[in-house]
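Hi there,

Here is the structure I promised to pass on. Please have a look at it first, and then read my notes below.

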Amino acid sequence: MLLSSSFTPISFPSPKFTLYQNRSPKRILKMAQSAYNPGCFVNCIVSVGRQQKIIVPNKHGEKLVGLLHETGSEEIVILCHGFRSTKETTTITNLAIALENEGISAFRFDFAGNGESEGTFQYGNYWREADDLHAVIQHFSGANRAASTILGHSKGGDVVLLYPSKYHGIRTVVNVSGRYDLQRGIEERLGKDFLETIKKEGYLDVKNKTGDVSYRVTEESLMDRLSTDMHEACLQIDKECQVLTVHGSADETIPVEDALEFSKIIPNHKLHVIEGADHCYTSHQAELVSVVLDFIKAALQQDKATSN
């Protein structure tokens with residue numbers, strides 16, 4: 001279980017369970033387990049604020065669905081999920097709530113074709129998801145809110161790195177376990193003969209453990225991924241844009257070497273490797289949140305000092 005140390009009083013439905021500021025995480029965990037099903041609290045942060053569902057149309061007219069963790073702050077951090085994932089994953093949710101508990105508004109949303117958002121899931125779609133992110137940032141800009149920081153996990157990490165190579169105005173980027181070489185990791189998902197099958201049939205159906213089709217990979221969508229050059233894109237990131245890459249040393253999905261490659265080419269870059277962490281930071285949510293919060297808060301303070 002992971003809980004922020006900066007809690008204000010929270011009243012839960014049960015009279016047995018009230019959290020107060022400065023209670024230790026171990027003490028809070030014990031209280032939670034005594035009052036509720038402990039399985040509901042594994043690796044989760046408890047929100048102290050309110051969440052608002054917001055719908056943002058993308059450039060294709062599809063409705064993107066997201067949750068705003070509103071604190072009233074001028075700045076908003078936009079959080080992006082990974083491949084065939086949603087805004088509800090543990091990592092994205094924990095980071096959003098941790099930011100909220102620090103007084104920083106956060107918005108987590110589903111890319112088109114994922115979660116609650118409209119559209120059809122497509123393999124690849126890296127640049128299109130960067131355009132979805134642009135639609136979200138424009139939405140808040142139109143409401144006079146500064147989306148100065150973007151964060152993405154896994155594929156979302158690639159999307160937030162692609163974004164500043166195409167668009168301007170973002171000062172802080174957090175890449176959590178993004179992939180540097182998009183030509184790697186395909187065989188693990190699609191099988192050894194994926195290219196031959198797609199060339200022959202025009203598509204490949206990826207099935208789950210029960211034999212049902214999870215999603216279809218077309219030749220066009222595969223080429224979309226293979227043609228996305230993270231190296232070239234990262235070279236286009238402005239040196240004024242601060243980038244943090246966080247990666248687990250035991251990442252079983254994307255090797256930590258990818259993070260080292262990002263550190264070589266992004267001009268204003270900081271790398272933090274979390275020892276022993278896997279791709280989803282299963283046992284390292286607390287350290288991940290701490291590293292990300294420290295970086296974002298320092299960046300926001302720097303922005304304020306510069307503007308003054």
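The notes below start with the conventions and the whole chain, then go through the sheet, the helices and a few single residues.

This is a predicted model, in which local features need pLDDT of at least 70 and side-chain atom pairs count only at pLDDT 80 or more, while totals for chains, interfaces and linings use all residues. Residues are numbered from 1 along each chain as its sequence is written, and side-chain values use heavy atoms, with hydrogens and water left out.

**The whole chain**

The chain holds 10 helices and 12 strands. Helices (H or I, at least four residues) and strands (E, at least two) are DSSP runs, numbered from the N terminus. Of the 308 residues, 51% are buried. Buried means under 20% relative accessible area, exposed over 50%, and partly exposed in between, with a 1.4 Å probe and protein chains only. Among contacts in the chain with a separation of 6 or more, 70% come from residues 24 or more positions apart; contact means heavy atoms within 4.5 Å.

**The sheet**

An open sheet is formed by 8 strands in the order 3-4-6-5-7-8-11-12, with mixed pairing. Two strands pair if DSSP finds at least two bridges between them. Strand 3 (50–57) and strand 12 (269–274) are at the edges with a single partner strand each, so one side of each has no neighbour in the sheet. From one strand to the next, the twist averages 20°. For angles, axes are lines fitted to C-alpha atoms (for helices, over the stretch in contact), and the values run from 0 to 180 degrees between N-to-C directions.

Starting at one edge, strand 3 pairs with strand 4 in the antiparallel sense over 8 bridges, and I55 stands opposite V65 in strand 4. Strand 4 (residues 63–70) is also antiparallel to strand 6, over 4 bridges, where G66 has F109 as its bridge partner.

Strand 5 (residues 75–80) pairs with strand 6 in the parallel sense over 5 bridges, and V77 has A106 of strand 6 as its bridge partner. Between these two strands the chain passes through helix 2 (residues 90–101), giving a right-handed β-α-β crossover. Right-handed means that, with the strands pointing away from the viewer, the path from the first strand over the helix to the second runs clockwise.

How much of strand 6 is buried? For strand 6 (residues 105–109) the count is 5 of the 5 residues, so this strand is largely enclosed by the rest of the structure. S105, F107 and F109 point one way from strand 6, A106 and R108 point the other way, and all are buried.

**Helices on the sheet and on each other**

Helix 10 (residues 285–307) lies across strand 5, strand 7, strand 8, strand 11 and strand 12, and runs at about 175° to strand 11.

Helix 3 (residues 126–142) packs with helix 4 (residues 155–166) at an angle of about 70°, their axes 9 Å apart. That makes the two helices roughly perpendicular; angles under 35 degrees count as roughly parallel, over 145 as roughly antiparallel, 65 to 115 as roughly perpendicular and the rest as oblique. Residues making the contact include Y126, W127 and L133 of helix 3 and V160, L162 and Y163 of helix 4. By type, the residues of this contact are 9 nonpolar, 2 polar and 5 charged. Ala, Val, Leu, Ile, Met, Phe, Trp, Tyr, Cys and Pro count as nonpolar, Asp, Glu, Lys and Arg as charged, and the others, Gly among them, as polar.

The axes of helix 6 (residues 194–201) and helix 7 (residues 219–226) come within 10 Å and cross at roughly 135°. Helix 6 and helix 7 are therefore oblique to each other.

**Single residues**

E129 sits in helix 3 and counts as buried at 4% relative accessibility. Leaving aside neighbours within four places in sequence, E129 is in contact with F111, N114, K155 and V159.

Two residues have a positive phi without being glycines: R84, at about 45°, and S154, at about 60°. R84 lies in the loop between strand 5 and helix 2 and is partly exposed at 39% relative accessibility. S154 lies in the loop between strand 7 and helix 4 and is buried at 9%.

Best wishes
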